[in-house]
Amino acid sequence: MRSGMKGLLLAVAGITGLGVAQGQTELKPLEAMPYSPSLSVADMDKSVDPCTDFYQYSCGGWMKNNPIPADQAGWSVYGKLAQDNMQFLWGILVDASKATNRNANQQKIGDYYSACMDEDAINKRGLAPLKPTLAKIDVLKTRQQLIAYIPTLHHQEIGNFFFGSGSGQDLGDSSQVIAFVTAGGLGLPDRDYYTKTDAKSEETRKKYVAYIAQQLTLAGESKAAAEADAAAIMKIETALAKSQLTRVERRDPYKEFHKMPVAELAKLTPAIDWNRYFTAQNVPGVTSLNVNQPEFQKALQTELTTEPVEALKAYLRFHAITAAAPSLSHDFELAQFDFYSKYLRGVQQQQPRWKRCTRQVDNVLGEALGQEFVRRTFAPDTKARTVKMTDEIEEAMAGEIKTLSWMSDATKTRALEKLHMVRNKIGYPDKWRDYSKLEVKPDDYFGDVLRAGLFEDARQWAKVGKPVDKDEWDMTPPTVNAYYNPQMNDINFPAGVLQPPLYDAKSDDAPNYGNTGSTIGHELTHAFDDEGRQFDGAGNLKDWWTKEDAEGFEKQINCLRDQFATYTIVDDIKINSKLTSGEDVADLGGTLIAYIAWQKATQTQRLAPVEGFTPDQRFFIGFAQWACENQRPENLRVSAITNPHSPGYARINGIVTNIPQFATAFGCKKGQPMVKETVCKVW
């Protein structure tokens, strides 16, 4: 793809979000979306030979003219569109906050935004909103009391406390929702930050310990006590991290599929009364669940039963504070920004308040805000045309599967069955989410955040034991992104990503198929990548491949893995192609089938050059220009560990070198950098 309370609280921190261009503090809310063409000659650098560096040729002008804004870790075409969408949402929220004749959804989004924007009131309250939670932690005297309080913390309070839990589709029976217990409890972005021994990782851990101490000091601890507590917290998190699967290991869904009775979980972590835990989450009838990482649960047992009680209490205090920081006074929020955004990702300054609040409303009331967005921006014709494009790309995918030389007829039959079962979700949900039970007040921001978290927590847990809602979306309508869900077996394209310059209703088909078409193909191909291929058409984790075909698939994608492993992300850090291979395969397959679909869709048309570019050239330039970006070195270092996507230049140059039609379009010859002697082909 291009929950819980802790997610709601951290989302407003601006740690990983998309944002706005330099000088945005003087922006005003948009009343209408700006128009940007789907293919821009101004974004190109025609001094570069496209056969030498197609990414620079297509994006050089954009990169030169779009420096990274001070409040961003990176800047991209997707980021600029997200900025436009956010600025438009800002206008909707300002109107909703001032209007007198409002419907229920308008009241909630308007009042939530107003409460978030009241920075003076938030600063005056300081740490006060969190003090009840901290007081409950402080009075815990024994290990038994502390462990017994964890279920309540998970349900009623805030923070990333030791592990995660929630509801999800049963990997063995995708029609049903079951309870999950997951690995968690870390404050750094990934378990590798705790295990890597290079100098930068050592530095990062020291900075993180200093950040922990800073937040504890702001909450009232002495400097000496905070430093001692920070060291103890780091020890606990390191032990938890070492027991967790790596991101590459987690690409194999079987490694996170361990369905068992609650009694078996109790043997892994007997310190926790699991029946009491699920009762506290309002699902007392849970008898079985998926424990995604059993070895982690064993490590959790060790930490809960051997670490000093005071160290465990310090851990709880810190995670409550850091999760709540974006909703507390400025000193807590700024401390979090300085570590997670400024140090880890190189962001120079915090985003303006309106942007953080707009994102927060989208995060917690996304379908209420999304209704307002869709009504104003998403034309029925756009939906109809993108649905048609999707159908054509699925037809092209079927044609490619039928002609694969490395796949047997038996597996082809199953692959085609799965392809024809894919559900296409375009624009927005058929049924909007009901927020009527969520209370929102215009003068109680922290309370709004807590109530929103409890509302979402209750909504998710209420799914346990019930059939899966196939119509539910995991992204809000204004989101500039798309995704494929292997258990739903659906591709999802929010209205936010179907806007210019990514999709331009005023443009001809060539750049639209190159850009949005390749993205549709990308998401569709995820159904058959190294992870998605392990699920059948119904979304069940089930091996439907012959042994020979599975081996043939690995051989095909290893070609791409070997290629992408040679690309540099930053400094001397190479792409971890075992982590990125799913996205790399989707980029290659998606672009190829989009090209095939475009060729068929326009086969009866007489296509003429535009601005000196042939139709084929416009297709490939349109494909490249979605990926134009600039990234800070710090952000690239984080991405090298955590991001399953390759950098933009590799996602373009690494793909077109494997598509012979590109070389033909631009007259590239053997021996030039954009022409490979032996191309990789999966689909």
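Select helix α24 in this predicted model and colour its buried residues, which are Pro615, Gln617, Arg618, Phe619, Phe620, Ile621, Gly622, Phe623, Ala624 and Gln625. The helix is mostly covered, with ten of its eleven residues buried. To see what covers these side chains, add the elements against which the buried residues of α24 pack, namely α2 (54–65), α3, α21, α23 (577–601), α26 (648–656) and α27 (660–666).

Next, keep α24 (residues 615–625) and display α21 (residues 509–525) beside it; the two axes come within 7 Å of each other and cross at roughly 35 degrees. The crossing of this pair is right-handed. On the α21 side, show Ala510, Pro511, Tyr513, Gly514, Asn515 and Ser518, and opposite them, in α24, show Pro615, Arg618, Phe619, Gly622 and Phe623, since these are the residues through which the two helices meet. Sorted by character, the residues of this contact comprise six nonpolar, four polar and one charged.

From α24, move to α2, another element that is mostly covered, nine of its twelve residues being buried. The buried residues to select here are Phe54, Tyr55, Tyr57, Ser58, Cys59, Gly60, Gly61, Trp62 and Met63. They pack against α24 and α3, and also against β1 (74–76), β11 (629–631), α26 and α27.

Stay with α2 and centre the view on Phe54. Which residues does Phe54 touch, leaving aside those up to four places away in sequence? Its contacts are Phe620, Ile621, Ala624, Ile652, Asn653, Val656, Phe662, Phe666 and Met674. Phe54 is also, together with Phe620, Phe666 and Trp683, among the residues with the most contacts inside the largest nonpolar core, which has 122 residues. Helix α3 (residues 77–98) gives the most to this core, contributing twelve residues. Apart from it lies another core, of 71 residues, including Leu134, Ile137, Leu216 and Ala226.

Go now to α9 (residues 199–218) and α10 (residues 223–242), whose axes lie 8 Å apart and which pack at an angle of about 130 degrees. That angle is why α9 counts as oblique to α10. The crossing of α9 with α10 is right-handed. To display the contact, select Arg205, Tyr208, Val209, Ile212, Ala213, Leu216 and Thr217 in α9, and then Lys223, Ala226, Glu227, Asp229, Ala230, Ala231, Ile233, Met234 and Glu237 in α10. The residues of this contact divide into ten nonpolar, one polar and five charged.

Two individual side chains come next, beginning with Thr358, which is found in helix α16 (residues 353–364). Is Thr358 buried or exposed? Its relative accessible area is 1%, so Thr358 is buried. Beyond residues up to four places away in sequence, Thr358 touches Met86, Leu89, Trp90, Leu93 and Tyr113.

The second is Glu394, which lies in helix α18 (residues 380–402). With a relative accessible area of 13%, Glu394 is buried, as the cut-off for burial is under 20%. Show its contacts, again not counting residues up to four places away in sequence, by selecting Leu419, Val422, Asn424, Ile491 and Leu524. Of these partners, Ile491 invites a distance label: the C-alpha atoms of Glu394 and Ile491 are separated by 11 Å, while the two residues are 97 residues apart along the chain.

The tour ends with the backbone. Select Pro500 and Pro501, where the peptide bond from the former to the latter is cis, with omega near 10 degrees. Pro501 belongs to the loop between β8 (490–494) and α21.

Then select Asn489, in the loop between β7 (483–485) and β8. Its phi is near 50 degrees, a positive value in a residue other than glycine. Asn489 is buried, with a relative accessible area of 0%.

Finally, select Glu611, which sits in the loop between α23 and α24. Although Glu611 is not a glycine, its phi is positive, at about 55 degrees. Glu611 has a relative accessible area of 55% and is therefore exposed.

Conventions
Residues are numbered from 1 along each chain as its sequence is written. This is a predicted model: local features need pLDDT of at least 70, side-chain atom pairs count only at pLDDT 80 or more; totals for chains, interfaces and linings use all residues. Side-chain values use heavy atoms; hydrogens and water are left out. A nonpolar core is a set of buried Ala, Val, Leu, Ile, Met, Phe, Trp, Tyr and Cys residues joined through side-chain atoms within 4.5 Å. Buried means under 20% relative accessible area, exposed over 50%, partly exposed in between (1.4 Å probe, protein chains only). Helices (H or I, at least four residues) and strands (E, at least two) are DSSP runs, numbered from the N terminus. Contact means heavy atoms within 4.5 Å. Axes are lines fitted to C-alpha atoms, for helices over the stretch in contact, and angles run from 0 to 180 degrees between N-to-C directions. A crossing is left-handed if the near helix is turned anticlockwise from the far one by less than a right angle, and right-handed if clockwise. Ala, Val, Leu, Ile, Met, Phe, Trp, Tyr, Cys and Pro count as nonpolar, Asp, Glu, Lys and Arg as charged, and the others, Gly among them, as polar. Angles under 35 degrees count as roughly parallel, over 145 as roughly antiparallel, 65 to 115 as roughly perpendicular and the rest as oblique.
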